[in-house]
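Please open the model in your viewer and keep the sequence panel beside it. The stops below are meant to be selected one after another.

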Amino acid sequence: MKEKIKKYAKEGLISIVILAIVMNALSYYRSLDLNKDKLDINTFTLLDGSVYNIPEDKPLVIHFWATWCPTCKFEASNIEKISKDYEVVTIALQSGTKVEIDKYLQENNLSFRVVNDEDGVFSSKFNIKAFPTTLIYDKDKNIKFTEVGYTTTAGLYSRMALVK
């Protein structure tokens, strides 16, 4: 019986490692076309109409998502958590009106900063093709990490620790 358990545990671990490698390779491939220039934006107009000034001395996470995206919904709690400790701006793409996005945020207990990209200006600027997409900039506005697809809370925190 012990041998069977060891065998299944080993197979499970190998499967997890292979899955992680495949997911990272896929994310890397999908991130090749992203705009990786230095961030040249200083402010964002948020969903509530306020203006968010990007701090000059802190790293920044820019997270692209959509209300209709199942992976985005699954990942939203990770973004919510990291937004409590770091500078995070999220950009909702093709997600409807301010009222519709506000309703989505309330229904999902989300309070992170949101920009409504109704016209696709930001998605074009950053060349976003898949959701969710997360960009991490250092304090000098140089891109340090990109992630296309689901990102864990631990993955976000570890990346942020490296850009300080």
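Which residues of β6 are buried on one side, and which on the other? Select this strand, residues 133–137, in what is a predicted model, and colour it by side: Thr133, Leu135 and Tyr137 belong to one side, Thr134 and Ile136 belong to the other, and all of them are buried, so that both faces of the strand are covered. The count for the strand agrees with this, with 5 of its 5 residues buried.

**The neighbours of β6**

Add strand β3, residues 60–65, to the selection; β3 runs antiparallel to β6 and is joined to it by 5 bridges. To find your place in this pairing, label Phe64, which stands opposite Thr133 of β6. Now add strand β7, residues 143–148, which is likewise antiparallel to β6 and joined to it by 5 bridges, and here the pair to label is Tyr137 with Ile143 of β7.

Just before β6, show the backbone of Phe131 and Pro132, which are joined by a cis peptide bond with omega of about -10°. Pro132 belongs to the loop between α4 (121–126) and β6.

At the other end, follow the chain from β6 into β7, which together form a hairpin with 5 residues between them. Stop at Lys141 in this loop; although Lys141 is not a glycine, it has a positive phi of about 70°. Is Lys141 buried or exposed? Its relative accessible area is 13%, and because buried means under 20%, Lys141 counts as buried.

**Helix α2**

Select residues 70–83 next, which make up helix α2. The helix has 14 residues and spans 20 Å from its first C-alpha to its last, close to the 20 Å expected at 1.5 Å a residue. Centre the view on Ala76, where α2 bends by about 40°. Ala76 is also one of the buried residues of the helix, a list that includes Cys72, Glu75, Asn78 and Ile79 as well. To see what covers the buried residues of α2, display β3, β4 (87–93), β6 and α5 (153–163), which are among the elements doing so.

Move to Ser83, which lies in α2 and is buried, with a relative accessible area of 16%. What lies 2.7 Å from a polar atom of the Ser83 side chain? The partner to pick is the backbone oxygen of Glu80. Leaving aside residues up to four places away in sequence, Ser83 touches Val88 and Phe112.

**From the loop after α2 to α5**

Go on to Tyr86, found in the loop between α2 and β4. Tyr86 is buried, with a relative accessible area of 16%, and its contacts, not counting residues up to four places away in sequence, are Tyr157, Met160, Ala161 and Lys164. If you draw a distance from Tyr86 to Met160, C-alpha to C-alpha, you should read 8.2 Å, although 74 residues of sequence separate the two.

Within helix α5, select Arg159. Is this arginine, Arg159, buried or exposed? With a relative accessible area of 18%, Arg159 falls under the 20% limit and is therefore buried. Beyond residues up to four places away in sequence, Arg159 touches Ile136, Phe145, Glu147 and Thr151. Ile136 has already been on display, as one of the buried residues of β6.

**An exposed stop**

Select Gln94, in the loop between β4 and α3 (98–107). Gln94 has a positive phi of about 45° although it is not a glycine, and it is exposed, with a relative accessible area of 57%.

**The whole chain**

Finally, clear the selection and colour the chain by secondary structure, which comes to 5 helices and 7 strands, following the pattern α-β-β-β-α-β-α-β-α-β-β-α along the sequence. Of the 164 residues, 44% count as buried. Should you switch on a surface, the accessible surface of the chain comes to about 9,700 Å², with 56% of it belonging to carbon and sulfur atoms. A contact map offers a last view: among contacts with a separation of 6 or more, 70% are between residues 24 or more positions apart.

Note on methods: Residues numbered from 1 in each chain as written. Predicted model: local features only at pLDDT ≥ 70, side-chain atom pairs only at ≥ 80, totals over all residues. Heavy atoms only, no water. Helix = DSSP H or I, 4+ residues; strand = E, 2+ residues; numbered from the N terminus. Buried < 20%, exposed > 50% of the residue type's maximum accessible area, 1.4 Å probe, protein only. Polar contact = N/O pair within 3.5 Å; in protein donor to acceptor, adjacent residues only side chain to side chain. Contact = heavy atoms within 4.5 Å. Areas by Shrake-Rupley, 256 points an atom, 1.4 Å probe, with all protein chains shown as cover. Pairing = 2+ DSSP bridges. Expected span 1.5 Å × (residues − 1). Bend = angle between axes of the 7 residues up to and from the residue.
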